[in-house]
Amino acid sequence: MEKTLKKYFPIFVLPTLIAFTIAFIIPFILGVYLSFCDFNTVTNAKFIGFGNYSKAFSINREFINALWFTIKFTIISVTTINIFAFLLALSLTREIKGTNIFRTIFFMPNLIGGIVLGYIWQLIINGILYKFEVTLTFNAKYGFWGLVALMNWQLIGYMMIIYIAGIQNVPEDLIEAAKIDGATPVQILKKIIIPMVMPSITICLFLTLSNSFKLFDQNLALTAGAPSKKTTMLALDIYNTFYGRSGFEGVGQAKAVIFFILVAAIAITQLVITRKKEVESE
Amino acid sequence: MNKKIDSRNNLVIMIIMIVLSVAFLIPILIVFMNSFKGKLYISDTPFKLPSKTTFVGLNNYIEGIVKIGFFKSFGWSLFITIFSVAAIVFFTSMTGWWLTRVKTKFTTALYYMFAFSMIVPFQMVMFPMVKVSNMLHLDNPFGIIVIYLGFGAGLSVFMFCGFVKSLPIEVEESAMIDGCTPILTFFKVVLPILKPTAITVAILNTMWIWNDYLLPYLLIGNNYKTIPIAIQYLKGGYGAIDMGAMMAMLVLAIIPIIVFYMLCQKHIVKGVISGAVKG
């Protein structure tokens, strides 16, 4: 079968491969190369070595500020989202009426796109701040916590669904046996449920981590970096470097490569952790 | 005794859940409420219901629809999403099956390349991708389908490969021995079995492409505005936003999503879970 199948490469693989080459392989290789070049358009690139990389950190503090803002935001939102999502999942796996309706409602914001989410929350937060006679872009703190609130609203339901799937996989008789042995609810949670849903916890941690780290649309719509670029996250800073003013395309591409390496490091860490767990459980 | 405590706890939890789910809906309800108020009354008092002086009926909707050409945007969003998702499901399912059934160094390398592309953030390839697309004249609503197929291929091929690996090869082999060509075997035998994965892939890509902002903005945003681009465009470069039109357009942007959610809630939830586990 393999022999006959091999001949059908042009039909089964070629269309996908051509699109993949145009949209990914060529841009990726070009991207790495261009990060070492001085250029405005791809055709006038001149090799300059690591100049763009040092410029990324040295021309101004924008990249480093964006990095810090992104890291702080990621830590806070990953923690809050996962705690709230786990608590919701615990509550909604009990025998109460209407769990399906609650799940439906909590999950819904996840389907709304980042731009729309940004403007919804701009209205809400500005409405609250109006009482204190300031606006969202008055202080970077407001933008920061606004983004945290927005991300929580968007992702809690999503993570909750994954946690629910994990909790439902915990065998019922295990919990029953623990109850008969006199275990308290806290003990059951600590010694049975949390260890059993560890795979879900890993998945959720990394999903929220990479989603928060790569955030762009929500950032653009909510504050667009205001005031004075203090709420700019990495992805938005890279975009601004490319398209803000001409002449910094090379620096933008160097920042993009650094961004890619950070995101890849997160993903590979996740892969290693998941693999290790799988080996252990075998 | 235990039962009593349990049921009392459940009642408390249920009340908390009711309060929380109302809180979750409030942002959307507030936007909806403000979409009927005059634009000057929105920023000041967003939490007040429309009154006689502030109520403007459907004015915001009409103004917004005219300003950003909402129905045109809706049409482009629909066109690009449907055809890109169809292309992705059609082509990557074929690729996924072929890559799993033909085992050579080349297929393994290709598989890893697709998997690798999943961890690359868009900003990494953004600039060169737009330039390449411009050169190849893919900067139109038809060309962007090719770009979505290429950029979405990673996750989709990966998911199809994962599923095909779990399928027994015997059925396909016997179909081919009976004289089926690989193409017929794929569409008559394999594809029907792949249906659950195909639905998952379709849902994940629909959610991505429908809401995607940056890629279509950079590629076709000047001439063809999808809904996210149109909404961002409403903000304009400088000066105050027309809050009335903005509220109305946000409502119109949310409605299709809620309808989609209501229609295929089960598939969406299932798709999102399996997407998360595999991605």
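**Entry 1: terms and overall form**

I take helices to be DSSP runs of H or I with at least four residues, and strands to be runs of E with at least two, both numbered from the N terminus. I note at the outset that the model is predicted.

I counted the secondary structure of chain A and found 14 helices and two strands. I then looked up the radius of gyration of chain A, which is 24 Å; the globule rule gives 19 Å for 282 residues, so chain A is more spread out than a compact globule. Along the principal axes, the C-alpha atoms of chain A fill a box of roughly 75 × 75 × 30 Å. I recorded 44% of the 282 residues in chain A as buried. Among the contacts of chain A with a separation of 6 or more, 73% join residues 24 or more positions apart.

**Entry 2: domains and annotated spans of chain A**

I consulted the domain assignment, which divides chain A into domain 1 (2-52) and domain 2 (60-247). The C-alpha centres of domain 1 and domain 2 of chain A are 34 Å apart.

I next turned to the UniProt record. An unreviewed entry places "domain: ABC transmembrane type-1" at residues 67-270 of chain A. In the model, I found residues 67-270 of chain A to be 76% helix and 0% strand, with the end C-alpha atoms 21 Å apart.

The UniProt feature "transmembrane region", also from an unreviewed entry, is placed in chain A at residues 12-36, 66-92, 104-124, 144-167, 188-209 and 256-273. I examined two of these spans. Residues 66-92 of chain A are 100% helix and 0% strand, and their end C-alpha atoms are separated by 37 Å. Residues 256-273 of chain A are likewise 100% helix and 0% strand, with 26 Å between the end C-alpha atoms.

**Entry 3: annotated spans of chain B**

For chain B, I read the UniProt annotation "transmembrane region" (unreviewed entry) at residues 12-33, 76-99, 111-130, 142-164, 185-210 and 243-264. I again examined two spans. Residues 12-33 of chain B are 100% helix and 0% strand, and the end C-alpha atoms lie 30 Å apart. For residues 185-210 of chain B, I found 100% helix, 0% strand and an end-to-end C-alpha distance of 33 Å.

**Entry 4: contact between the chains**

I listed the contacts between the two chains: 66 residues of chain B meet 74 residues of chain A. Which element gives the largest share of the side of chain B that touches chain A? I found helix α1 (residues 2-34) of chain B, with 11 residues. By class, this side of chain B has 49 nonpolar, 12 polar and five charged residues.

I then followed Pro27(A), which sits in helix α3 (residues 14-34) of chain A. Is Pro27(A) buried or exposed? Pro27(A) has 27 C-beta neighbours inside 10 Å and therefore counts as buried, the cut-off being 20 or more. Leaving out residues up to four places away in sequence, Pro27(A) touches Val125(B), Pro128(B), Met129(B) and Val132(B). Within chain A, I noted that the C-alpha atoms of Pro27(A) and Gln122(A), 95 residues apart along the chain, are separated by 35 Å.

**Entry 5: nonpolar core**

I looked up the largest nonpolar core, which has 155 residues. Those that touch the most other members are Ala85(A), Val116(A), Met159(A), Met160(A), Tyr163(A), Met249(B) and Leu250(B). I inspected Met159(A) further: beyond residues up to four places away in sequence, Met159(A) touches Ile81(A), Asn82(A), Ala85(A), Cys204(A) and Thr208(A).

**Entry 6: backbone exceptions**

I set the following cases against the rule that most residues other than glycine have a negative phi, and most peptide bonds are trans.

The bond between Ala226(A) and Pro227(A) is a cis peptide bond, with omega about -5 degrees. I located Pro227(A) in the loop between α12 (217-222) and α13 (234-243) of chain A. Ser228(A) is in the loop between α12 and α13 of chain A. Phi of Ser228(A) is positive, near 35 degrees, although the residue is not a glycine. I counted 9 C-beta neighbours of Ser228(A) inside 10 Å, so Ser228(A) is exposed.

Glu133(A), also a residue other than glycine, has a positive phi of about 60 degrees. Where does Glu133(A) lie? I placed Glu133(A) in the loop between α7 (114-130) and α8 (140-168) of chain A. With 7 other C-beta atoms within 10 Å, Glu133(A) is exposed.

Methods: Residues are numbered from 1 along each chain as its sequence is written. Chains are lettered from A and ligands numbered from 1 in the order in which they are written. This is a predicted model: local features need pLDDT of at least 70, side-chain atom pairs count only at pLDDT 80 or more; totals for chains, interfaces and linings use all residues. Two residues are in contact if their C-beta atoms, placed from the backbone, lie within 7 Å. Ala, Val, Leu, Ile, Met, Phe, Trp, Tyr, Cys and Pro count as nonpolar, Asp, Glu, Lys and Arg as charged, and the others, Gly among them, as polar. Domain bounds come from an automatic or database domain assignment. A nonpolar core is a set of buried Ala, Val, Leu, Ile, Met, Phe, Trp, Tyr and Cys residues joined through C-beta atoms within 7 Å. A residue is buried if 20 or more other C-beta atoms lie within 10 Å of its own, exposed if 12 or fewer, and partly exposed in between; C-beta atoms are placed from the backbone. UniProt positions are given in the numbering used here, feature names are shortened, and annotations may be inferred rather than shown by experiment. The radius of gyration is taken over C-alpha atoms; the globule rule is 2.2 Å times the number of residues to the power 0.38.
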